[in-house]
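Pull up the model and let's walk through it together, one piece at a time. Keep the sequence handy as you go.

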Amino acid sequence: MNAYDEYMKGIVQPMRQELVEAGFTELTNPDEVNEFMATAKGISLVVINSVCGCAAGLARPAVRNAISEVKPDHLVTVFAGQDREATETMRGFFEEVPPSSPSIAILRDGQLEYFIPRDQIEGYPVEQITEHLTGVLKQTCEK
């Protein structure tokens with residue numbers, strides 16, 4: 001690992017831990033993504049994490065708030081820009097939406113049910129994002 005990679009690994013670790021401590025499983029390579037997707041039954045919340053400010057100040061807090069009210073069957077995350085192959089593999093399961101990070105996908109039995117792209121995160125108050133995600137999770141989990 002070169003000095004840049006080592007530096008970035010240290011910088012992003014707290015950003016990773018924020019979701020892991022909230023109960024998310026990190027998928028860091030294509031095999032982990034494919035294994036998860038092959039076996040995921042029920043409702044999965046997938047967060048495509050990133051180092052940007054809207055991930056730190058909006059997406060991650062909103063996700064943590066939403067899952068305190070409604071808990072899907074599975075919580076997983078990939079990290080755009082860090083675990084590139086894992087992120088690309090995950091995005092391949094919902095190719096109908098353009099790549100976006102941060103973003104939030106809700107899947108039912110591995111099929112995309114709902115997607116919140118960056119442009120519905122950036123510039124919105126965390127409370128509004130939380131309310132949006134909570135409402136979608138309630139509807140999805142109750143089906």
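In which loop is the place of proline 72? Proline 72 sits in the loop between α3 and β3. Keep in mind that you're looking at a predicted model. With a relative accessibility of 5%, proline 72 counts as buried, because the cut-off for buried is under 20%. Leaving aside residues up to four places away in sequence, proline 72 touches Ile43, Leu45, Ile67, Leu137 and Cys141. Proline 72 and isoleucine 106 are 34 residues apart along the chain, with 9.0 Å separating their C-alpha atoms.

From that loop, step onto the sheet. Five strands make up an open sheet with mixed pairing, and their order is β1-β3-β2-β4-β5. At the edges you'll find β1 (25-26) and β5 (111-116), each of which pairs on one side only. As a reminder, strands of a sheet pair through backbone hydrogen bonds, and they can do so parallel or antiparallel.

Let's go strand by strand. β1 and β3 (residues 74-79) run parallel and are joined by two bridges. There, glutamate 26 has threonine 77 of β3 opposite it. Next comes the pairing of β2 with β3, which is parallel too and spans six bridges; isoleucine 48 has valine 78 in β3 as its bridge partner. On to β2 and β4: this pair is antiparallel, again over six bridges. Here leucine 45 is matched with isoleucine 106 in β4, and you've met both names already: leucine 45 among the contacts of proline 72, and isoleucine 106 as the far end of that 9.0 Å separation.

How many of the residues of β2 are buried? Seven of its seven, so to speak the full strand, given that buried means under 20% relative accessible area. Both faces are covered, with Ile43, Leu45, Val47 and Asn49 buried on one side and Ser44, Val46 and Ile48 buried on the other.

Now for the helices. Helix α2 (residues 30-39) lies across β1, β2 (43-49), β3 and β4 (103-108), and it runs at about 155° to β3. α2 also meets helix α4 (residues 84-91): the two axes come within 8 Å and cross at roughly 30°. That angle makes α2 roughly parallel to α4, because the cut-off for roughly parallel is under 35 degrees. The crossing of these two is right-handed. On the α2 side, the contact is made by Pro30, Val33, Asn34 and Met37, and on the α4 side by Glu85, Ala86, Thr89 and Met90. Sorted by class, that contact of α2 with α4 comes to five nonpolar, two polar and one charged residues.

A second helix pair is worth a look: helix α3 (residues 53-69) and helix α5 (residues 126-142). Their axes come within 8 Å and cross at roughly 40°, so α3 and α5 are oblique to each other. α3 passes α5 in a right-handed crossing. From α3, the contact takes in Gly57, Leu58, Pro61, Ala62, Val63, Asn65, Ala66 and Glu69, while α5 brings Val126, Ile129, Thr130, Leu133, Thr134, Leu137 and Lys138. By class, the contact of α3 with α5 has nine nonpolar, four polar and two charged residues. Leu137 of α5 is a name to recall, as it is one of the residues that proline 72 touches.

What about helix α1 (residues 3-20)? Valine 12 has its place there. With a relative accessible area of 1%, valine 12 is buried. Not counting residues up to four places away in sequence, it touches Val51, Phe79 and Gln82. Valine 12 and valine 136 are 124 residues apart in sequence, and their C-alpha atoms lie 28 Å apart in space.

Finally, two backbone details to check. Serine 101 and proline 102 are joined by a cis peptide bond, with omega at about 0°. Proline 102 lies in the loop between α4 and β4. The other detail belongs to aspartate 109, which isn't a glycine but has a positive phi of about 50°. Aspartate 109 is in the loop between β4 and β5, where it is partly exposed, with a relative accessible area of 41%.

Key. Residues are numbered from 1 along each chain as its sequence is written. This is a predicted model: local features need pLDDT of at least 70, side-chain atom pairs count only at pLDDT 80 or more; totals for chains, interfaces and linings use all residues. Side-chain values use heavy atoms; hydrogens and water are left out. Two strands pair if DSSP finds at least two bridges between them. Helices (H or I, at least four residues) and strands (E, at least two) are DSSP runs, numbered from the N terminus. Contact means heavy atoms within 4.5 Å. Axes are lines fitted to C-alpha atoms, for helices over the stretch in contact, and angles run from 0 to 180 degrees between N-to-C directions. Angles under 35 degrees count as roughly parallel, over 145 as roughly antiparallel, 65 to 115 as roughly perpendicular and the rest as oblique. A crossing is left-handed if the near helix is turned anticlockwise from the far one by less than a right angle, and right-handed if clockwise. Ala, Val, Leu, Ile, Met, Phe, Trp, Tyr, Cys and Pro count as nonpolar, Asp, Glu, Lys and Arg as charged, and the others, Gly among them, as polar. Buried means under 20% relative accessible area, exposed over 50%, partly exposed in between (1.4 Å probe, protein chains only).
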